[in-house]
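Open the model in your viewer and keep the selection box at hand. Each stop below says what to select and what is there.

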Amino acid sequence: MRLALEQARLAEAAGEVPVGAVLVDHGRILAATHNAPVALHDPTAHAEILALRAGGLQLSNYRLPGATLYVTLEPCIMCAGAIVHARIGTLVFGARDLRFGGVRSKFALADSDLLNHQVTVVEGVLGDICSAMLQSFFAGKRNAGS
């Protein structure tokens with residue numbers, strides 16, 4: 001999760017919402033990514049999606065069974081769906097996203113019994129640090145607009 005936080009800091013430095021993700025498979029880091037929708041002009045360029053894409057390329061497979069995805073913020077429903085489709089084994093996230101969370105806060109897609117794959121979900125890892133980073137980022141945005 002500390003590497004995901006480093007990625008979130010890179011996102012913030014680039015003017016993106018500070019979210020970072022790290023994809024690990026059997027102890028090997030496949031991807032370390034951060035949000036980039038502004039830079040890439042792509043609404044799907046969330047840290048999780050970029051990590052899944054990079055991981056798929058690394059393993060030459062769109063399925064990533066058994067892999068663990070670490071993310072600083074609870075994935076949205078788009079990302080949660082992609083995580084299920086990729087057959088990620090475990091999702092570890094820091095802070096809940098009370099507005100858009102697709103894993104715990106608004107929806108429970110990743111481990112839903114309605115789907116053909118359930119992801120093991122671990123939440124709250126370094127959550128205070130992840131939350132503080134996001135709160136600081138948005139407070140800065142609000143103050144800049146004043």
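Select Arg-2, Leu-5, Ala-8, Arg-9 and Glu-12 in α1, then add Ile-129, Cys-130, Met-133 and Phe-137 in α5: these two groups meet, contact being heavy atoms within 4.5 Å. The model is predicted: local features need pLDDT of at least 70, side-chain atom pairs count only at pLDDT 80 or more, and totals for chains, interfaces and linings use all residues. Residues are numbered from 1 along each chain as its sequence is written, and side-chain values use heavy atoms, with hydrogens and water left out. Helices (H or I, at least four residues) and strands (E, at least two) are DSSP runs, numbered from the N terminus.

By class, the contact of α1 with α5 holds 6 nonpolar residues, 3 charged ones and no polar ones. Here Ala, Val, Leu, Ile, Met, Phe, Trp, Tyr, Cys and Pro count as nonpolar, Asp, Glu, Lys and Arg as charged, and the others, Gly among them, as polar.

Now show both helices whole, α1 as residues 2–13 and α5 as residues 127–144. Their axes are 11 Å apart and the packing angle is about 5°. That makes α1 roughly parallel to α5, a label for angles under 35 degrees. The axes are lines fitted to C-alpha atoms, for helices over the stretch in contact, and angles run from 0 to 180 degrees between N-to-C directions.

**Along α5**

Stay on α5, which has 18 residues. From first C-alpha to last, α5 reaches 26 Å, close to the 26 Å expected at 1.5 Å a residue; the expected span is 1.5 Å times one less than the number of residues. Which residues of α5 are buried? Select Gly-127, Cys-130, Met-133, Leu-134 and Phe-137. Buried means under 20% relative accessible area, exposed over 50% and partly exposed in between, with a 1.4 Å probe and protein chains only. The buried residues cover an arc of only 140° around the axis, which puts them on the same side of α5. The arc is that of the directions from the helix axis to the C-beta atoms. An α-helix has 3.6 residues a turn, so residues three or four places apart point the same way.

Turn to the other side of α5 and select Asp-128, Gln-135, Arg-142 and Asn-143, which are exposed. The cover over the buried residues of α5 includes α1, β3 and β4 (90–95).

Just before this helix, select Leu-126, in the loop between β5 (120–123) and α5. Leu-126 has a positive phi, near 55°, and is not a glycine. At 25% relative accessibility, Leu-126 is partly exposed.

**Into β3**

Next, select Thr-72 in strand β3. Is Thr-72 buried or exposed? Thr-72 is buried, with a relative accessible area of 2%. Leaving out residues up to four places away in sequence, the residues that Thr-72 touches include Leu-5 and Ala-8 as well as Cys-130, and those three also take part in the meeting of α1 and α5. Pro-18, Val-19, Gly-94 and Ala-95 are also among the contacts of Thr-72.

**α4 and the residue after it**

Select Cys-79, Ala-80, Ile-83 and Val-84, the buried residues of α4. They fall within an arc of 140° seen down the axis, so they line one face of α4. Among the elements covering them are α3, β3 and β4.

Move on to Arg-87, in the loop between α4 and β4. Arg-87 follows α4 and has a positive phi, near 65°. Arg-87 is buried, with a relative accessible area of 18%. Beyond its neighbours within four places in sequence, Arg-87 is in contact with Arg-63, Leu-64, Pro-65, Gly-66, Asn-116 and His-117.

**α3 and its two ends**

Select α3, residues 47–59. Ala-47, Glu-48, Ile-49, Leu-50, Ala-51, Leu-52, Gly-55 and Gly-56 are buried there. Their cover includes β1 (20–25), β2 (28–34), α2 (37–40), β3 (68–73) and α4 (77–85). After α3 comes Ser-60, with a positive phi near 50°.

For the last stop, select His-41, in the loop between α2 and α3. His-41 is exposed at 73% relative accessible area, and its phi is positive, about 55°, although His-41 is not a glycine.

How values were computed. Parallel < 35°, antiparallel > 145°, perpendicular 65-115°, else oblique.
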